[in-house]
Amino acid sequence: MNKRKIFNDPVYGFISIPYDIVFDIIEHPIFQRLRRIQQLGLSSLVYPGATHSRFHHSLGAMHLMSKSLEVLKSKGNTITEAESEAAVLAILMHDLGHGPFSHALEGVLVENIPHENISLLLMEKLSVEFGEKIEVAIQIFNNTYPKKFLHQLVSGQLDMDRMDYLNRDSFYSGVSEGVIGYDRILNMLDVHEGNIVVEEKGIYSVEKFLVARRLMYWQVYLHKTALVADLMLKNAILRAKEVYKNNLINDTISPNLNFFLTHTLDAVSFAQELNRFASLDDYDIFHALKMWMNSDDAILKTLATSIVNRTLFKIEFLEENKIAEKYEQLKMKYTQEELDFLVVKGAAKNNAYNPKKDNIYIKFKDGSIKEITAITEQWNIRSLSNPVVKHYIAYPK
């Protein structure tokens, strides 16, 4: 059977499968589940075209990884075919652990277990089936493989994950500010002392990448309407957990969703229930929301109906002291129980570049290396390392 298939991707054109095992992983039910998980949560309620999935994103990131590895090899960096295969597999599987609606329900259905940890568990499950090739991919994913730059291509300031999601989310949302010169950046990549660097000629493309990331966060990822929709979905699940724990409810939501609503799991017990989690997707949640529109619990009914019919809560970005004032006013209108689920306050934070966590280094013709904020001509690039925090409060209109 020919496994070197070609996908027609709307962002990059034709994407080819570089290795037979990549085809096998894509065909696996664990990976096919990503077709049923939206990349941007409920952002399609703001941007109607933003209905793309984690499946799309994973294939795109795989494509960019293949291209970046070819560039690095062409510049004399030693990367074996086995290492290339493992790096491609690592980025392909990096999002396996996302739950329904991606980041919107992170830490809600399953508490205190990040999606990266769940991705690792699912990779380990696949390694039992596919063997050593997956084990090397896990080492790259975990940053335990000797060649650190391979991990940096999976998870770093200029990784293939970010490179794809900025391009893809911009394309599907129609927000052109997210368009980046990914081809230029990829062709300027190199390795210096075991770390990814960017050649001097690519500095302006990197600057645009960082600015695009900042703009996409405020215009798409933290757009106030998308934010309030995700917050309402989160509270709907939290309210359902209370309702289901306190009552023996026999309804038609999926058994696996019912399980996670009624059980609090630690890391060990979650690993034993991994198959249950790997069966969940957006459809389980949306079906449940439609059932809860007729719930006897008024709070759950309000949240579910508002999400399904897109009668979303009002959200305001205010100064922190104004948030407190508004909350005091709302306390006169709602019971404490209603306040806990129908009024949401918090802070949205955007840090486009964090030099304390990871650095972007520029390589000059003389071989010297400098961190980007030390050399950029644009003051706004330096300012991107400072986090921006906006406080919000949301409540029924």
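Helix α10, which covers residues 203-221, lies across β6 and β9 and runs at about 165 degrees to β6. This comes from a predicted model, and the description below follows the strands and helices around that packing arrangement before turning to the rest of the chain. Over its length, α10 has the span one would hope for: at 1.5 Å a residue, its 19 residues should cover 27 Å, and the end C-alpha atoms sit 25 Å apart, which agrees. The helix still has a kink to report, with a bend of about 25 degrees at Leu-215.

The strands under α10 belong to an open sheet of three strands, ordered β5-β9-β6 and paired antiparallel. Its edges are β5 (314-318) and β6 (344-350), each of which pairs on one side only. From one strand to the next, the twist averages 30 degrees. On one side of β9 (residues 388-395), seven bridges tie that strand to β6 in the antiparallel sense. Two residue pairs help to fix the register here: Val-344 has Ala-394 of β9 as its bridge partner, while Ala-348 stands opposite Lys-390 in β9. The pairing of β5 with β9 is antiparallel too and runs over five bridges, with Leu-318 opposite His-391 of β9. As for the side chains along such elements, in a regular strand they alternate between the two faces of the sheet.

Helix α10 has company on this sheet. Helix α17 (residues 320-331) lies across β5, β6 and β9, and its direction is about 10 degrees from that of β9.

A second open sheet is made of four strands in the order β3-β4-β7-β8, and here the pairing is mixed. The edge positions go to β3 (189-192) and β8 (369-371), each pairing on one side only. The twist in this sheet averages 45 degrees from one strand to the next. At the β3 end, β3 and β4 (residues 195-199) are antiparallel and share four bridges. These two strands form a hairpin with two residues between them, and Glu-193 in the turn takes a positive phi of about 50 degrees. Right by the turn, His-192 has Asn-195 of β4 as its bridge partner. At the β8 end, three bridges join β7 (residues 361-363) to β8, again with the strands antiparallel. Ile-362 faces its opposite number, Lys-370, in β8.

Another hairpin turns up early in the chain, where β1 and β2 are linked with three residues between them. Four bridges hold β1 (residues 6-9) against β2 (residues 13-16) in an antiparallel arrangement. Within this pair, Phe-7 stands opposite Ile-15 of β2.

Turning to helix packing, α1 (residues 20-27) and α4 (residues 81-92) have axes that come within 10 Å and cross at roughly 15 degrees. That angle makes α1 roughly parallel to α4. The crossing is right-handed. On the α1 side, the contact uses Ile-21, Val-22, Ile-25 and Ile-26, which meet Glu-85, Val-88, Leu-89 and Leu-92 of α4.

Helix α11 (residues 224-246) takes part in two packing arrangements, one with α16 and one with α12. With α16 (residues 298-308), the axes come within 9 Å and cross at roughly 150 degrees. Angles over 145 count as roughly antiparallel, so α11 and α16 are roughly antiparallel to each other. Their crossing is left-handed. From α11, the contact draws on Met-232, Leu-233, Asn-235, Ala-236, Arg-239 and Ala-240, and from α16 on Ile-299, Leu-300, Leu-303, Ser-306 and Ile-307.

With α12 (residues 255-262), the α11 axis comes within 8 Å, and the two cross at roughly 85 degrees. The pair is therefore roughly perpendicular. Here the α11 residues are Ile-237, Ala-240, Lys-241, Tyr-244 and Lys-245, and they meet Asn-258, Phe-260, Leu-261 and Thr-262 in α12. Ala-240 of α11 thus appears in the contact with α16 and again in the contact with α12.

Key:
Residues are numbered from 1 along each chain as its sequence is written. This is a predicted model: local features need pLDDT of at least 70, side-chain atom pairs count only at pLDDT 80 or more; totals for chains, interfaces and linings use all residues. Side-chain values use heavy atoms; hydrogens and water are left out. Two strands pair if DSSP finds at least two bridges between them. Axes are lines fitted to C-alpha atoms, for helices over the stretch in contact, and angles run from 0 to 180 degrees between N-to-C directions. Contact means heavy atoms within 4.5 Å. The expected span of a helix is 1.5 Å times one less than its number of residues. The bend at a residue is the angle between axes fitted to the seven residues ending there and the seven starting there. Angles under 35 degrees count as roughly parallel, over 145 as roughly antiparallel, 65 to 115 as roughly perpendicular and the rest as oblique. A crossing is left-handed if the near helix is turned anticlockwise from the far one by less than a right angle, and right-handed if clockwise.
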